[in-house]
Amino acid sequence: MKDSDLATTGLVRQEPLLWEKGREGREGFSMPRRDVDSFPMDESLVGPKPEVPSLSEVEIVRHYTRLSTWNFGVDTGMYPLGSCTMKYNPKVNEKLASLPGFAGAHPLLPERMVQGNLRLMFELERHLAEITGMDAVTLQPAAGAQGELTGMLLIHAYHKSKSRTPAKILVPDTAHGTNPASAALCGMRPVSLKSGDNGILSKEAVLDLMDEDTAGIMVTNPNTLGLFEENLKEIAEIVHAKGGLVYGDGANMNAIMGLVDIGRIGVDILHLNLHKTFSTPHGGGGPGSGPVCVNRSLEPFLPVPRIVERGEEVALSEDFPLSIGRLHGFYGSFGIMVRAYCYILSMGAEGLKQASRLAVLNANYIKERLKGIFHLPFDRPCMHECVFSDRFQKAQKIITVDIAKRLMDYGFHPPTIYFPLVVDGAIMIEPTETESKEDLDLFIEAMKIIAEEAKENPELLKKAPAKCKVKRLDETLAARRPCLAG
Ligand SMILES: *Cc1c(COP(=O)(O)O)cnc(C)c1O
């Protein structure tokens, strides 16, 4: 550490490692006086004494508190990371999920001792079915991508029950990247389906490619351009007519909660991301929860154990002979389910719809205020996110990554960049419903200033971020040889 890095005010710019701070003899807490004889440890059993630094309690508290202020999260500011729904989640849901009866319940407890928890899961399934318009739900998958894999296994099981083994599956170029990966993992060959000039799928494109050797289609709706797949009902009819199934990637349900009856559109299987839409923050390494909703004809194939009602009681049942089996030890990420359940009940049906309407309104507000300043490849009403590109700034040799880095200087987490792949230099902004108009205006103002800077002083953008603790990193080196000491 250089002297110049030492803090002289409360604004700490560097923080040594605990190992560097430690001093022999300091203690974090005092052990009570020993009232038994000391007994030498057998090093062959416990190994050598671990090397841990010696610090006082206040040193440790300050160390971690300082580190926490270097972080950025939804509790610090706007986090418009497209496709990830980084919305603010009410703290009451965290509090309820940490109640001892929820947080402390061991998964091997007998069913009669966890009736409340099983009842919560049973009801959560019913709520999710109602919100989506589907018939039955499994809460097992631990992520969106695992939900997709579950969906592919269900499609496979369905065709097998009809003595068919189709080899292909249609995946639009506006689908989430995990879609083709999940299909391939299940042994199906993803066939890329081109979206139209308006950013959505046409029934003609599906008609061209759909045949009897195709298991179905995986449609992300709203798609990764933030657009609603308006032709999905007709597309579903084409797919069904050839014996295929329609898989819906519903990770973006935040845009349409309770507003769109997915079942009636013709979707047979749909996954949700509880850790985006239903009150668990996305990112941070999990755990997540990716429930899968299906229509009646696919219910027999759902993973076991299933949560069933037996008279007054709720039980876990393995008694589903056509089931694809287990996807998770036990029955999924329970803590995430509790948060989702609390969120749904506290919002109520009207509240959920309103949240979606506001998410859509906020994204359209940003789209309208920034269009003309940043290139908008698809100029039509969007859902919960809008996608710009760096086309206007390229003349000054300013590209998407420069714009994203400069936003950090203005106190915003950058949007998702270079995704979706169908837009060159994409900047994908998802404000979410939890931002106020004032905060949206601040973000828009920052984007406008950045567009000006790109014209007048492009160097500023090339050097961004200038105000953050860590400046522009060599991203390859940062990934290959990360410096974890800060
Ligand atoms: C986030 C996302 C996924 C993947 O979800 P994970 O929980 O990260 O596996 C799939 N599809 C879409 C559209 C998403 O936004």
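This dialogue goes through the ligand site, the sheet and a few backbone features of a predicted model.

User: Where should I begin with the ligand, and which residues come nearest to it?

Analyst: Begin with the shell: of the 15 residues around the ligand, those that come nearest are Gly144, Ala145, Asp249, His275 and Lys276. By class, this shell has 3 nonpolar, 9 polar and 3 charged residues.

User: Which helices each supply at least two residues of the shell?

Analyst: They are helix H7, residues 144-161, and helix H12, residues 274-277, and the largest share, 3 residues, comes from H7.

User: How do I read the polar contacts of the ligand, for instance what is the distance from a polar side-chain atom of lysine 276 to an oxygen atom of the ligand?

Analyst: A polar contact is a pair of N or O atoms within 3.5 Å. In this model a polar side-chain atom of lysine 276 lies 2.6 Å from a ligand oxygen, a polar side-chain atom of histidine 275 also lies 2.6 Å from an oxygen atom of the ligand, and for serine 83 the distance from a side-chain N or O atom to a ligand oxygen is 2.9 Å. On its own the ligand has 380 Å² of accessible area, of which the protein covers 89%.

User: Turning to the sheet, what is the order of its strands?

Analyst: In general, strands of a sheet pair through backbone hydrogen bonds, and the pairing is either parallel or antiparallel. Here the open sheet of 7 strands has mixed pairing and the order E1-E7-E6-E5-E4-E2-E3. Strands E1 (136-138) and E3 (189-193) stand at the edges with a single partner strand each, so one side of each is left without a neighbour in the sheet. From one strand to the next, the twist averages 25°.

User: How do E5 and E6 run, parallel or antiparallel, and where does H7 lie?

Analyst: E5 (residues 245-250) and E6 (residues 269-272) run parallel and are joined by 4 bridges, with aspartate 249 standing opposite histidine 271 in E6. Helix H7 lies across E2, E4, E5, E6 and E7, and runs at about 170° to E5.

User: Which peptide bonds are cis, and what is the phi of threonine 85?

Analyst: Omega describes the peptide bond: asparagine 221 and proline 222 are joined by a cis bond with omega of about -5°, and the bond from valine 304 to proline 305 is cis with omega near 0°. Proline 222 lies in the loop between E4 and helix H10, whereas proline 305 is in the loop between E7 and strand E8. Threonine 85, a residue other than glycine, has a positive phi near 45°, and is found in the loop between helices H3 and H4.

Methods:
Residues numbered from 1 in each chain as written. Predicted model: local features only at pLDDT ≥ 70, side-chain atom pairs only at ≥ 80, totals over all residues. Heavy atoms only, no water. Near = heavy atom within 4 Å. Polar contact = N/O pair within 3.5 Å; in protein donor to acceptor, adjacent residues only side chain to side chain. Areas by Shrake-Rupley, 256 points an atom, 1.4 Å probe, with all protein chains shown as cover. Nonpolar A, V, L, I, M, F, W, Y, C, P; charged D, E, K, R; others polar. Pairing = 2+ DSSP bridges. Axes fitted to C-alpha atoms, helices over the stretch in contact; angles between N-to-C directions. Contact = heavy atoms within 4.5 Å.
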